[in-house]
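Please look through the sequence and the model below, and then follow the paragraphs that come after, which lead from one part of the fold to the next.

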Amino acid sequence: MANNLDHIFSALSDPTRRAIVARLGQGEAPVKTLAAPHDMALPSFLKHIDALERAGLVHSRKEGRVRVCTLHPEALAAAESWLDQQRNLWAGRMDRLGRLAEQIAEDERTAE
């Protein structure tokens, strides 16, 4: 799981790749359409697609001469699970810190 998380977070660390994922959230699209808003050569853009495919976030297929990409959002489940664990861990820590701060404030009020 850790290796897959590494690939997912690495893929999502780049703004171009996040933009691709966001666009594919609206539905599948040809590479040419995905590349249009980005100011880079097609070979460079294809490296971004390859990184997303390695992470399992995107799948591409050939339709004649056109390469069409599809988002696989279920690949984000591992990252979402990890983030949920971290959120729960830190929420628990913040709750305990809040209770401690309240206890200290109460102790100070009673000591006066």
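**Two helices and a sheet**

In this predicted model, helix α2 passes helix α4 in a right-handed crossing. The side of α2 that takes part in this contact contributes T16, R17, I20 and V21, while α4 contributes F45, H48, I49, A51 and L52. When these contact residues are sorted by their chemical character, six of them are nonpolar, two are polar and one is charged.

How should a pair of helices like this be described? Two packed helices are described by the angle between their axes and by the distance between those axes. For α2 and α4, the axes come within 10 Å and cross at roughly 70 degrees. Because angles from 65 to 115 degrees count as roughly perpendicular, α2 is roughly perpendicular to α4.

We can now turn to the sheet. Three strands form an open sheet in the order β1-β3-β2, and their pairing is antiparallel. The edge strands, each of which pairs on one side only, are β1, at residues 29–30, and β2, at residues 58–63. Helix α2, which covers residues 15–24, packs on this sheet and touches β1, β2 and β3, with a direction that makes about 85 degrees with that of β3. Helix α4, covering residues 42–54, lies across β2 and β3 and runs at about 40 degrees to β3.

Within the sheet, β2 and β3 (residues 66–71) pair in the antiparallel sense over six bridges, and E63 stands opposite V66 in β3.

Conventions:
Residues numbered from 1 in each chain as written. Predicted model: local features only at pLDDT ≥ 70, side-chain atom pairs only at ≥ 80, totals over all residues. Heavy atoms only, no water. Pairing = 2+ DSSP bridges. Helix = DSSP H or I, 4+ residues; strand = E, 2+ residues; numbered from the N terminus. Contact = heavy atoms within 4.5 Å. Axes fitted to C-alpha atoms, helices over the stretch in contact; angles between N-to-C directions. Parallel < 35°, antiparallel > 145°, perpendicular 65-115°, else oblique. Left-handed = near helix turned anticlockwise from the far one by under 90°. Nonpolar A, V, L, I, M, F, W, Y, C, P; charged D, E, K, R; others polar.
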